[in-house]
Amino acid sequence: MQNQPLSPVPPMGWNSWNTFYDQISEELICETADAMADKGLLSAGYEYLIIDDCWSMRERDQQGNLTADPEKFPHGMKYVADYVHAKGFKLGLYACCGVRTCAGYPGSFEHEFQDAAQFAEWGVDYLKYDNCHRPASIPSEILCRRMGMALRNCGRDILFAVCQWGTENVREWIRSTGAQTFRSTVDIQDSWKSIEKIALSRIEHPCSAPGCFDDMDILVAGMYGRGMNPETSMGGCTEEEYRTHFALWATLGSPLMIGCDVRTMPEEILALLTNRDLLSIHQDPECGSCYKAAVYGNPDAFVLVKPLRGGDYALGFFNFSDVPANLTLNFWDLGLSAVSGRGLRFHDCLSNQDPGIFTEQFSVKLPSHGCGVYRCQVVGL
Ligand code: GLA
């Protein structure tokens, strides 16, 4: 077992829930692994394949073990783990701290050590741990510590990804559970309203930091309203809105779990999800915390500023209003005054262009729900 965090930077991968709901199978997971390897998603860093809720039998077996549903996973879970490992991926599985999972399958309450041992035996590398059907008298903190302890003693490195929707002051105690990611919001839906709501609530709590990352939920980019999940599939978003969604998740350092069908994803979504400049901001080894800088005269627009390794900064300009907007950032608000004799050299991450060196301020015109993301270097004038 290693002593380092299993994911020193926010993890990346794919999760079955948003698009496939309970329609999951060995075939789907293996085909997704093949498609992700073929399309360059694995080499871009998307390494976890996560099977969400609805994978098990409706009841435990006579020894109290969880078993994979043989209709969905005819060769069992170890076979799936071996398949994805052979392709270079890691396998994620879903469990829940209550007596039942959110979809009504057996939960891990009072079976924590038994389940952790089972997951280790199958070769699981990541556990998403949900929050439904909990005994009301036991705090989330205790239930998460239980599974955290079981995982730390199961004989295999398994990344612990807690999903309790940001309740019970989770930010104050989550690191004590051994979790390396924690869901901080309600479930995402395939709509701009949902993206906006999650982003705004996340920006209120700038707490993601090395070792434990604030999870804004599975990406909806590329779903275009086509998911089978009635809880997450709404009308879909525009390409512009998906771009802004991905830029927000990347800049804020959320885990990036693809939620669309990668086998049939459109080219523009593949290009977005593999945008090298955005991913290098996301995977920056310092995992710096973002702050929000104001743009004057527009309450629905803002800039996110993220310090990067080596003295660079990521600047994300976001227009949440329903009309196009001109956004101006004064460098004074970043700590860069005119007398410093320094300016910022901008690289546009979305267009891969270099607009040059700017002093004192930078302005950009953005469409409604649009964004501009830049890597900036501090330079002498
Ligand atoms: C909860 C979680 C979702 C998903 C479902 C599965 O709602 O927040 O991400 O895992 O349960 O039932």
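This passage walks through the sheets, nonpolar cores and cysteines of a predicted model.

A good place to begin is the parallel sheet. Eight strands make up this open sheet, and reading across it gives the order 7-6-5-4-3-2-1-8, with parallel pairing. Strand 7 (213-215) and strand 8 (256-258) stand at the edges; each has a single partner strand, so one side of each is left without a neighbour in the sheet. From one strand to the next, the twist averages 25°. Within the sheet, strand 2 (residues 48-51) pairs with strand 3 (residues 90-96) in the parallel sense, over 4 bridges. A single pair of residues shows where to look: Tyr48 has Lys90 of strand 3 as its bridge partner. Helix 6 (residues 140-152) packs on this sheet and touches strand 4 (126-130) and strand 5 (159-163). The direction of helix 6 makes about 165° with that of strand 5.

The second sheet offers a useful contrast. This open sheet has 6 strands in the order 9-10-11-16-13-14, and here the pairing is antiparallel. Its edge strands are strand 9 (291-294) and strand 14 (353-358), each of which pairs on one side only. On average, neighbouring strands of this sheet are turned by 30° against each other, direction ignored. Strand 11 (residues 313-319) and strand 16 (residues 371-380) belong to this arrangement and pair in the antiparallel sense over 6 bridges. Here Leu315 is matched with Tyr374 of strand 16 as its bridge partner. As a general point, strands of a sheet pair through backbone hydrogen bonds, either parallel or antiparallel.

Another antiparallel pair is made by strand 12 (residues 325-330) and strand 15, which are joined over 6 bridges. Asn330 has Gln361 of strand 15 as its bridge partner. In a regular strand the side chains alternate between the two faces of the sheet. Strand 15 (residues 361-366) can be read with that in mind: Phe362, Val364 and Leu366 form a covered face, while Gln361, Ser363 and Lys365 form an uncovered one.

The nonpolar cores come next. In soluble globular proteins, nonpolar side chains tend to be buried together. The largest nonpolar core of the model holds 103 residues, and the members that touch the most others are Tyr46, Ile51, Trp55 and Phe119. Helix 9 (residues 239-252) gives the most to this core, with 6 residues. Tyr46 is worth finding in the structure: beyond its neighbours within four places in sequence, its contacts include Met12, Met36, Phe89, Phe246, Ile258 and Leu279. Apart from the largest core lies another, of 19 residues, among them Ala293, Val295, Ala325 and Leu329.

Helix 9 also contains Thr251. Is Thr251 buried or exposed? With a relative accessibility of 1%, Thr251 counts as buried, because the cut-off for buried is under 20%. A polar atom of the Thr251 side chain lies 2.6 Å from the backbone oxygen of Ala247. Leaving out residues up to four places away in sequence, Thr251 touches Ile281, Cys290, Leu304, Lys306, Phe318 and Val373.

The cysteines complete the picture. How many disulfides does a search of the whole structure find? The search finds 1, formed by Cys102 and Cys132, whose sulfur atoms are 2.1 Å apart. The torsion about their S-S bond is about 95°, so the disulfide is right-handed. This pair links distant parts of the chain, 30 residues apart: Cys102 sits in the loop between strand 3 and helix 5 (112-122), and Cys132 in the loop between strand 4 and helix 6. The two partners also differ in their exposure. Cys102 is partly exposed, with a relative accessible area of 33%, whereas Cys132 is buried, with a relative accessible area of 16%.

Cys30 is in no disulfide; the nearest cysteine sulfur belongs to Cys260 and is 18 Å away. Cys30 counts as buried, at 9% relative accessibility. Cys154 is likewise in no disulfide, and the nearest cysteine sulfur, that of Cys144, is 16 Å away. Cys154 is buried too, with a relative accessible area of 16%.

Note on methods:
Residues are numbered from 1 along each chain as its sequence is written. This is a predicted model: local features need pLDDT of at least 70, side-chain atom pairs count only at pLDDT 80 or more; totals for chains, interfaces and linings use all residues. Side-chain values use heavy atoms; hydrogens and water are left out. A nonpolar core is a set of buried Ala, Val, Leu, Ile, Met, Phe, Trp, Tyr and Cys residues joined through side-chain atoms within 4.5 Å. Buried means under 20% relative accessible area, exposed over 50%, partly exposed in between (1.4 Å probe, protein chains only). Helices (H or I, at least four residues) and strands (E, at least two) are DSSP runs, numbered from the N terminus. Contact means heavy atoms within 4.5 Å. Two strands pair if DSSP finds at least two bridges between them. Axes are lines fitted to C-alpha atoms, for helices over the stretch in contact, and angles run from 0 to 180 degrees between N-to-C directions. A polar contact is a pair of N or O atoms within 3.5 Å; within protein, one must be able to donate a hydrogen and the other to accept it, and residues adjacent in sequence count only if both atoms are side-chain atoms. A disulfide is a pair of cysteine sulfur atoms within 2.5 Å.
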